[in-house]
Amino acid sequence: MAPATTDRIRDVNIRYHDLAAADYDAKWGIDYGEVGQGQVLGKVRKALVEPRTLLVHFLREQLLLTGTHIGCDTSQCGACTVLVDGRSAKSCTMFAVQADGSTVTTIEGLEKGGRLHPVQEAFLEVGALQCGYCTPGMIMSSVALLVKTPDPTADEISRLMEGNVCRCGTYPRIVAAIGKAAKVMKGGAK
Ligand code: FES
Ligand code: FES
């Protein structure tokens with residue numbers, strides 16, 4: 001629906017989900033620190049949004065990036081987790097205008113050249129899902145977790161992932177998948 005008045009519209013300019021191939025080196029070492037400094041090339045998407053538009057609605061409805069899910073809309077479940085300048089963020093708790101000028105990475109942006117991100121591969125190999133509704137948010141939180149904590153214990157994974165809820169209760173396999181991805185990203189055996 002068109003906004004009622006143009007004076008309530010903001011021009012939002014977001015770099016989204018298209019991380020440069022250089023970020024995906026042989027070890028999948030992704031230096032998200034560079035993203036915040038604008039050294040990573042990404043597609044810039046520009047759109048007009050109302051100030052009240054949540055980031056998750058902007059991604060899903062205006063950019064048609066529907067891999068980011070809405071579970072609760074109240075910052076409880078983590079299904080809407082994306083990376084904003086490399087940090088995990090629940091996109092139902094942010095306005096789109098707050099991401100203006102940021103680099104936003106959604107689940108669609110993890111795969112590169114037909115290669116899944118190691119976290120995605122680990123989720124598949126371990127079967128860390130049942131219905132899959134929580135999975136995009138789980139994976140985005142896992143990626144952020146492994147950037148900050150590359151060698152987490154199972155207890156650390158459980159604690160650091162507490163903002164993501166799986167209604168199917170696949171937590172043990174999610175923890176196992178994150179541990180497996182950590183080994184792959186460190187160059188260890190699969
Ligand atoms: S939809 Fe955002 S935390 Fe649940
Ligand atoms: S796999 Fe169904 S909610 Fe997590």
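**Exercise 1. Which residues does Ala 177 touch, not counting residues up to four places away in sequence?**

Solution.
- Start with the model itself. It is predicted.
- Locate the residue. Ala 177 sits in helix H6, which covers residues 171–185.
- List its contacts. Beyond four places in sequence, Ala 177 touches Ala 122, Phe 123, Val 126 and Ala 128.
- Place these partners. Helix H3 spans 118–126, and Ala 122 and Phe 123 are buried in H3.
- Add a distance. Gln 120 is 57 residues from Ala 177 in sequence, yet their C-alpha atoms are 8.8 Å apart.

**Exercise 2. Decide whether Ala 177 is buried or exposed.**

Solution.
- Count the C-beta neighbours inside 10 Å. Ala 177 has 27.
- Apply the cut-off. A residue is buried at 20 or more.
- Conclude. Ala 177 counts as buried because of those 27 neighbours.

**Exercise 3. Describe helix H6: its span, its buried residues and what covers them.**

Solution.
- Take the span. H6 has 15 residues and reaches 21 Å from first C-alpha to last. That is close to the 21 Å expected at 1.5 Å a residue.
- Name the buried residues. They are Ile 174, Val 175, Ala 177, Ile 178, Lys 180, Ala 181, Ala 182 and Met 185.
- Note that a lysine, Lys 180, is on that list.
- Find the cover. It includes H3, H4 and helix H5 (154–160).
- Look past the end. Just after H6, Gly 187 has a positive phi of about 90 degrees.

**Exercise 4. Do the same for helix H3: which residues are buried, and what follows the helix?**

Solution.
- Name the buried residues. In H3 they are Pro 118, Val 119, Gln 120, Ala 122 and Phe 123.
- Find the cover. It includes H4 and H6.
- Turn the view around. H3 in turn helps cover the buried residues of H6.
- Check the exit. Gly 127 follows H3 with a positive phi, near 70 degrees.

**Exercise 5. Analyse Val 143: where is it, is it buried or exposed, and what does it touch?**

Solution.
- Locate the residue. Val 143 lies in helix H4.
- Count its neighbours. With 26 C-beta atoms inside 10 Å, Val 143 counts as buried.
- List the contacts beyond four places in sequence. They are Leu 83, Leu 110, His 117 and Val 119.
- Assign two of these. Leu 83 belongs to strand S3, and Val 119 to H3.
- Add a distance to H6. Ala 182 is 39 residues from Val 143 in sequence and 9.4 Å away, C-alpha to C-alpha.

**Exercise 6. Work out where the largest nonpolar core lies relative to the two domains.**

Solution.
- Begin with its size. The core holds 43 residues.
- Pick out the hubs. Leu 55, Val 143, Ile 178 and Ala 181 touch the most other members.
- List the elements that give two or more residues. They are helix H2 (55–62), strand S3 (81–84), H3 (118–126), H4 (135–148) and H6.
- Bring in the domain bounds. Domain 1 covers 10–109 and domain 2 covers 118–185.
- Conclude. Both domains give residues to the core, so it lies between them.

**Exercise 7. Map the surroundings of strand S3: which strands pair with it, and in which sense?**

Solution.
- Take strand S4 (residues 87–90). S3 and S4 run antiparallel and share 4 bridges.
- Find a facing pair. Thr 81 is opposite Lys 90 in S4.
- Inspect the turn. S3 and S4 make a hairpin with 2 residues between them. Asp 85 in that turn has a positive phi of about 50 degrees.
- Take strand S5 (residues 103–105). Its pairing with S3 is antiparallel too, over 2 bridges.
- Find a facing pair here. Leu 83 is opposite Thr 105 in S5.
- Sort the side chains. Thr 81 and Leu 83 point one way, Val 82 and Val 84 the other, and all are buried.

**Exercise 8. Summarise the whole chain, then say where the prediction is least confident.**

Solution.
- Count the elements. The chain has 6 helices and 5 strands. Their order is β-α-β-α-β-β-β-α-α-α-α.
- Assess burial. Of the 190 residues, 42% are buried.
- Assess contact range. Among contacts with a separation of 6 or more, 68% join residues 24 or more positions apart.
- Check confidence. The mean pLDDT is 80, and 75% of residues score at least 70.
- Find the extremes. Helix H1 (residues 33–36) is lowest, with a mean of 32, and H5 is highest, at 98.
- Flag the weak stretches. Residues 1–6 fall below 50 and make 3 contacts beyond near neighbours in sequence. Residues 17–41 also fall below 50, with 37 such contacts.

Technical notes: Residues are numbered from 1 along each chain as its sequence is written. Chains are lettered from A and ligands numbered from 1 in the order in which they are written. A residue is buried if 20 or more other C-beta atoms lie within 10 Å of its own, exposed if 12 or fewer, and partly exposed in between; C-beta atoms are placed from the backbone. Two residues are in contact if their C-beta atoms, placed from the backbone, lie within 7 Å. A nonpolar core is a set of buried Ala, Val, Leu, Ile, Met, Phe, Trp, Tyr and Cys residues joined through C-beta atoms within 7 Å. Domain bounds come from an automatic or database domain assignment. Two strands pair if DSSP finds at least two bridges between them. The expected span of a helix is 1.5 Å times one less than its number of residues. pLDDT is the predictor's confidence in each residue, from 0 to 100.
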